[in-house]
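Here is a protein chain to work through. How does each label attached to it follow from the coordinates?

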Amino acid sequence: MNFDKITHTRRKSSVAIIGGGPAGLMAAEVLSLADVKVNLYDAMPSVGRKFLMAGKGGMNITHAEDFDVFLSRYGNRRPAIEPILTDFTPGNVRQWLQALGISSFVGSSGRVFPDDMKAAPLLRRWLQRLRGAGVGFHVRHQWTGWRDDTNLLCFATPQGLIEVEADAVILALGGGSWPKLGSTGAWLPLLQAQGITVAPLKPANCGFDCQWSEHFQERFAGHAIKSVGLDFTDLKSVAFAKRGEIMVTQQGLEGGLLYTASAALRDIIADQGHATIRLDLAPDRSLAWLTNALSLPRGKLSLANMLRKRAGIEGVKAALLREALNPDDFAAPNKLAANIKALPIKLLAARPLAEAISTAGGVTFEALDGQLMSTVKPGLFCAGEMLDWEAPTGGYLLSFCLASGRAAGLGALAWLQQCPHG
């Protein structure tokens, strides 16, 4: 035999990605483009389920505001997150969308949406491209950890338990919100058993409990309080004051304006047992104007008609006043006007983690290196919502999930090149 004619080829490196959300899919894209064999595993019957749910009201994928302002939305985790987002900016997200054949536009609030506002077409094109690049998808594969002290990955499947070997592993398992879509947080003890530091999961972008009367619950749950101001002071004595919309629920309050403040309010409740917010029910009117209008003789006007005609307070806003104030407060124009401008509402608790839009807590950045690889388990990378960070809604969540998935994919690629296997 002529050995000179035999070509010896090294086995293609393989990476197992566990979790089929945007972070896991982006990691798969990075690695498949580098000719790495990628197998993606997900416990659900299909991938991208929370991604599709997030797009039901319009697929807000990133935000087009000034980049420094954009970075500020990540709070005290900005130092760790900034390098990752600098490598995959909101502008890069839009370019990535365009490469998928999907144009995007910037809404009046600065939020970025695909032209058709839908998540499903985006996900279909993305999966088609990944399959074309050779990514293998394995659904109904519930990761249960490693076998004993080995690096063999264990999965529970409809066909029974299986073991998988890979040269590197990327975990993109999500947090603990919306568990019915796959983010159960079941991975926490698996990583803690490996000595990886994990901060407890907490609800983020969540609603809060209030103590409503039975009448208020039955009559006004589901009603939006539109054009309302919200203010409070956080634990660091920093004032919060914004205007937007809040929704009344059976249990309390939720909605975009409250989500923006949810991290600070959650921390106040943890520290003090409750948090008190102040609602401005007439943000377009000054206190002096309201006081003057409410001091005029009522004549034959009922209290309800007087509030509606003179202060623009009716419906759920009027009911909220009645819910929070004593009857005597309505007889004093100064006190009534002051409460319309700053109605105190006590928040008793954050809603459960399973109801939250997103999760705070998770694998700490201190447990990872700059490429999102575990410092105690080389070759293991983490990305997405399972990391210890939080941000408000508005494209910030999805933008960092994509960017961190890309960073983990690049980190795994660098690891494979530095420590070749096969």
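The questions below take labels on this predicted model and set each value against its cut-off.

Q: What makes up the protein chain, in helices and strands?
A: The protein chain has 14 helices and 20 strands. Its C-alpha trace spans about 110 × 45 × 40 Å along the principal axes. Of the 422 residues, 51% are buried. Among contacts between residues at least 6 apart in sequence, 69% join residues at least 24 apart.

Q: How do you know that Cys382 is not in a disulfide?
A: A disulfide needs two cysteine sulfur atoms within 2.5 Å. The closest cysteine sulfur to that of Cys382 is in Cys401, 13 Å away, so the gap is too far for a bond. The search of the whole structure finds zero disulfides. Cys419 is in no disulfide either; its nearest cysteine sulfur, that of Cys382, is 17 Å away.

Q: Why is Cys382 called buried?
A: Buried means under 20% relative accessible area. Cys382 has 1% relative accessibility, so it counts as buried.

Q: Why does Cys419 get another label, partly exposed?
A: Partly exposed covers the range between the buried limit of 20% and the exposed limit of 50%. Cys419 has 25% relative accessibility and therefore counts as partly exposed.

Q: What makes Ala27 buried, and where does Ala27 lie?
A: Ala27 lies in helix H1 (residues 22–33). Its relative accessible area is 0%, so Ala27 is buried, the cut-off being under 20%. Leaving aside neighbours within four places in sequence, Ala27 is in contact with Ile17, Ile170, Gly405, Arg406 and Gly409. The C-alpha atoms of Ala27 and Ala407 are separated by 7.5 Å, with their positions 380 residues apart along the chain.

Q: Why is H4 called roughly perpendicular to H14?
A: The axes of helix H4 (residues 78–87) and helix H14 (residues 396–418) cross at roughly 85 degrees. Angles from 65 to 115 degrees count as roughly perpendicular, so H4 is roughly perpendicular to H14. The two axes come within 9 Å.

Q: Which residues make the contact of H4 with H14, and how do they divide by class?
A: H4 brings Ile81, Ile84, Leu85 and Asp87. H14 brings Ser399, Phe400, Ala403, Ser404, Arg406 and Ala407. By class, six are nonpolar, two polar and two charged.

Q: What makes H5 roughly perpendicular to H6?
A: Helix H5 (residues 90–99) and helix H6 (residues 120–132) have axes that cross at roughly 75 degrees and come within 10 Å. The range for roughly perpendicular is 65 to 115 degrees, so H5 and H6 earn that label. Trp96, Leu97 and Ala99 of H5 meet Leu122, Trp126 and Arg129 of H6. That contact has five nonpolar residues, no polar ones and one charged.

Q: Why do E17 and E18 stand at the edges of their sheet?
A: The open sheet has seven strands in the order E17-E16-E13-E14-E15-E12-E18, with antiparallel pairing. Strand E17 (343–347) and strand E18 (349–350) each have a single partner strand, so one side of each is left without a neighbour in the sheet.

Q: How do you know that E13 and E16 pair?
A: Pairing takes at least two bridges. Strand E13 (residues 224–233) and strand E16 (residues 275–280) are joined by three, and they run antiparallel. Asp231 has Arg278 in E16 as its bridge partner.

Q: Which helices lie across strands E16 and E17?
A: Helix H13 (residues 333–341) lies across E16 and E17, at about 105 degrees to E16. Helix H9 (residues 256–272) lies across E12, E13, E14, E15, E16, E17 and E18, at about 115 degrees to E14.

Q: How do you know that E8 and E9 pair?
A: The requirement is at least two bridges. Strand E8 (residues 153–157) and strand E9 (residues 160–164) have five, in the antiparallel sense. Ala156 stands opposite Leu161 in E9. A hairpin joins E8 to E9 through two residues.

Q: What makes E3 and E4 partners of E5?
A: Two bridges join strand E3 (residues 62–63) to strand E5 (residues 111–114), which meets the minimum of two. Three bridges join strand E4 (residues 104–106) to E5. Val112 in E5 stands opposite Thr62 and opposite Val106. In the hairpin of E4 and E5, Gly110 takes a positive phi near 95 degrees.

How values were computed:
Residues are numbered from 1 along each chain as its sequence is written. This is a predicted model: local features need pLDDT of at least 70, side-chain atom pairs count only at pLDDT 80 or more; totals for chains, interfaces and linings use all residues. Side-chain values use heavy atoms; hydrogens and water are left out. Buried means under 20% relative accessible area, exposed over 50%, partly exposed in between (1.4 Å probe, protein chains only). Helices (H or I, at least four residues) and strands (E, at least two) are DSSP runs, numbered from the N terminus. Contact means heavy atoms within 4.5 Å. Axes are lines fitted to C-alpha atoms, for helices over the stretch in contact, and angles run from 0 to 180 degrees between N-to-C directions. Angles under 35 degrees count as roughly parallel, over 145 as roughly antiparallel, 65 to 115 as roughly perpendicular and the rest as oblique. Ala, Val, Leu, Ile, Met, Phe, Trp, Tyr, Cys and Pro count as nonpolar, Asp, Glu, Lys and Arg as charged, and the others, Gly among them, as polar.
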